[in-house]
Amino acid sequence: MKEYIFLLEEPVGNKEIKIIASGMTEAFKKAKELRKTIVQDTRLKVNMILKGVRYTD
């Protein structure tokens, strides 16, 4: 498995999230859903950037 690290840039500060997934598509879908819930809750603009990938056992 791989751990995908995304950086969420919010107006109040940055947040780093880590998602464990088997592939990039799956990780991106999970991160996109998380970003969507944050935008709905806070009504703020949130940018998402892939920061890196860490390989796990």
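1. Contact here means heavy atoms within 4.5 Å. With that in hand, take Lys-2: apart from neighbours within four places in sequence, Lys-2 is in contact with Ile-19, Ile-20 and Ala-21, and also with Val-53, Arg-54, Tyr-55 and Thr-56. Keep in mind as you go through this note that the model is predicted.

2. Where does Lys-2 sit? Lys-2 belongs to strand 1, which covers residues 2-10. Its bridge partner in strand 2 is Ala-21. Towards Tyr-55, the C-alpha to C-alpha separation is 4.6 Å, although the two positions lie 53 residues apart in chain numbering terms. Lys-2 counts as partly exposed because its relative accessibility is 27%, and the partly exposed class lies between the 20% and 50% cut-offs.

3. Now the sheet as a whole. Three strands make up an open sheet, ordered 2-1-3, with antiparallel pairing. Strand 2 (13-21) and strand 3 are the edge strands; each has a single partner, so one side of each is left without a neighbour in the sheet. From one strand to the next, the twist averages 25 degrees.

4. On to the pairing of strand 1 with strand 2. The two run antiparallel and are joined by nine bridges. One of the pairs to look at in your viewer is Ile-5, whose bridge partner in strand 2 is Lys-18. The connection from strand 1 to strand 2 is a hairpin that passes through two residues.

5. On the other side, strand 1 is joined to strand 3 by eight bridges, and these two strands also run antiparallel. Here Phe-6 stands opposite Leu-50 of strand 3.

6. How enclosed is strand 1? Seven of its nine residues are buried, so strand 1 is largely enclosed by the rest of the structure. Glu-10 is a nice case to check: this residue has its place in strand 1 and counts as buried because its relative accessibility is 17%, with the cut-off for buried being under 20%. Leaving out neighbours within four places in sequence, Glu-10 is in contact with Lys-15, Ile-38, Lys-45 and Val-46.

7. What does helix 1 touch? Helix 1 packs on the sheet and touches strand 1, strand 2 and strand 3. The direction of helix 1 makes about 140 degrees with that of strand 2.

8. Last, the surface. Which residues form the nonpolar patch? They are Met-24, Phe-28, Leu-50, Val-53 and Tyr-55, and together they have about 470 Å² of accessible area. Helix 1 (24-42) and strand 3 (47-55) each supply at least two residues of the patch, and the largest share, three residues, comes from strand 3. Phe-28 has its place in helix 1 and is partly exposed, with a relative accessible area of 37%. Some patch members turn up in the earlier points too: Leu-50 is the residue opposite Phe-6, while Val-53 and Tyr-55 are among the contacts of Lys-2.

Terms used
Residues numbered from 1 in each chain as written. Predicted model: local features only at pLDDT ≥ 70, side-chain atom pairs only at ≥ 80, totals over all residues. Heavy atoms only, no water. Helix = DSSP H or I, 4+ residues; strand = E, 2+ residues; numbered from the N terminus. Buried < 20%, exposed > 50% of the residue type's maximum accessible area, 1.4 Å probe, protein only. Patch = residues over 30% accessible without salt bridge, like charges linked within 9 Å, V, L, I, M, F, W, Y side chains within 5 Å. Areas by Shrake-Rupley, 256 points an atom, 1.4 Å probe, with all protein chains shown as cover. Salt bridge = Lys/Arg side-chain N within 4 Å of Asp/Glu carboxyl O. Pairing = 2+ DSSP bridges. Axes fitted to C-alpha atoms, helices over the stretch in contact; angles between N-to-C directions.
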